[in-house]
Amino acid sequence: MDLSIQDACDRERLIEAVQLAAVGVFLPTGMRQRHDRLSAIGAVVLALSGSVFLLWMLNGGEISGFSVNGKASEVLGLSVLGQVQLLIALVAAGALWSGRRVVFAILRQRLYPSPAPESGFDHQLVGWVIAIGVTVVGLPWAALSASSRYGRWPIGWQILLGGGFVLGLASRRLGGALWQLLDRHARIEYEEPVDQVVWRLHYLAWLLRVYRPNFLKPSVLRQARVRIDETARIIELNPVPLRVAHWRERSLRRHIRHDHARVAATLRQHSKNVATIHTLEQYDRVCAAVLAGAISAAYGNWDELLEGAPEVSLVSRTARTFRSVVPSLALAGAALVIPVLPGVGASADGIRVLLMATAVLSALPTGDATRDIIRGTLEKALNKDSGSGAAKHS
């Protein structure tokens, strides 16, 4: 889709800069596949270690010396081998839910392959297909097992079911973080300091242009804000520009970080503007501002790129970080305080587990829709527990 750049010189310069930036931004295929394998190994290691810890915590003496006893557990009413199978299904479901956008993108690419597809074994496709199969087959069995044995130890079943799902979420997030770490350090040898700014701003301008016909739809605006915030985070955390400064040149390194933080702050301001637009003119102003930033970066004109950008200080960055972690800290503190409150009763353990799960999930960088779904599920669980408790008392 055409970006509608009026000046031919600007258009040619942007195209040239984007083509050069793509060489540094995108790594060779073999290196990316190696990063995929290493990140998958890290996620599997976390899932295995977390599953072993959950089984040991729930079964105690039935697991000794890494040998699994196949007898039925007295507290859960399900054998340890059955719990292992249930955990596999829950971990796969959590990982699939966390990486659902990646899964949809991979399946879409495979259904509509490029004219020159990449050769070799497709590890990502095979791994996600296995996760889908395990989830589809395992979740109904897990629901039946839990429904028939839940009354034996409700708290234990909540820990097993919730812990397995959260473990899948955390494993997927760890794999993604490990992949980004490997990718970030590998790109230092290929990428120029300004490549990420040029490429990301150009790509963001193109995406906003694609979203333009449906700009008033809430789902489109939410997706546009996610893309803008993601671009801001990548530009702000990019370590490549710092390699031009020696580690002892702290003032120069702070200056470089400050410039990129101001670009990110400008993008976050555009994200807030997108959330409050009501007309096409307002949307076009945001698109024009992002495109102008891409052209300025293509020319290497940082003075023009930073013109009008908000100032970023240590206090503002600390406040933004503090605001992001306050909900999780508040929920975790409430979960620790609840057992000592008078009049809580037997439902304290269930409420504590739900609050701790909410604290962990709120710390994950999920989208607004995911938070709404999680919040609704936990509220239903709390209402169900309170209703059952009232029925018992009556």
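**Salt bridges and the surroundings of Trp 302**

In this predicted model, Arg 13 is partly exposed, its relative accessible area being 29%. The side chain of Arg 13 takes part in a salt bridge with that of Glu 16, for which the N to O distance is 3.8 Å, a value that meets the criterion because a side-chain nitrogen of Arg has to lie within 4 Å of a carboxyl oxygen of Glu. Glu 16 is likewise partly exposed, with a relative accessible area of 41%. Both residues belong to helix α1, which comprises residues 8-25, and because they are three residues apart in this helix, about one helical turn separates Glu 16 from Arg 13.

Under the rule applied here, the count of salt bridges in the model comes to four, and the pair in helix α1 is one of those described in this passage. Another is formed by the side chains of Asp 284 and Arg 212, with an N to O distance of 2.8 Å. This pair links distant parts of the chain, since Asp 284 lies in helix α10 (residues 280-299), whereas Arg 212 lies in the loop between α7 (195-211) and α8 (218-237), and the two residues are 72 residues apart. Asp 284 is classed as partly exposed at 25% relative accessibility, and Arg 212 is also partly exposed, with a relative accessible area of 27%.

A further salt bridge joins the side chains of Arg 268 and Glu 236, where the distance from N to O is 2.7 Å. Here too the pair links distant parts of the chain, with Arg 268 located in helix α9 (residues 250-275) and Glu 236 in helix α8, 32 residues apart. Glu 236 has a relative accessibility of 14% and therefore counts as buried, the cut-off for that class being under 20%.

Attention was then turned to Trp 302, which is found in helix α11, a helix made up of residues 302-305. With a relative accessible area of 22%, Trp 302 is partly exposed. When neighbours within four places in sequence are left aside, Trp 302 is in contact with Val 194, Val 197, Asp 259, His 260 and Val 263. Among these contacts, Val 263 lies 39 residues from Trp 302 along the chain, and the C-alpha atoms of the two residues are separated by 9.8 Å.

Methods: Residues numbered from 1 in each chain as written. Predicted model: local features only at pLDDT ≥ 70, side-chain atom pairs only at ≥ 80, totals over all residues. Heavy atoms only, no water. Helix = DSSP H or I, 4+ residues; strand = E, 2+ residues; numbered from the N terminus. Buried < 20%, exposed > 50% of the residue type's maximum accessible area, 1.4 Å probe, protein only. Contact = heavy atoms within 4.5 Å.
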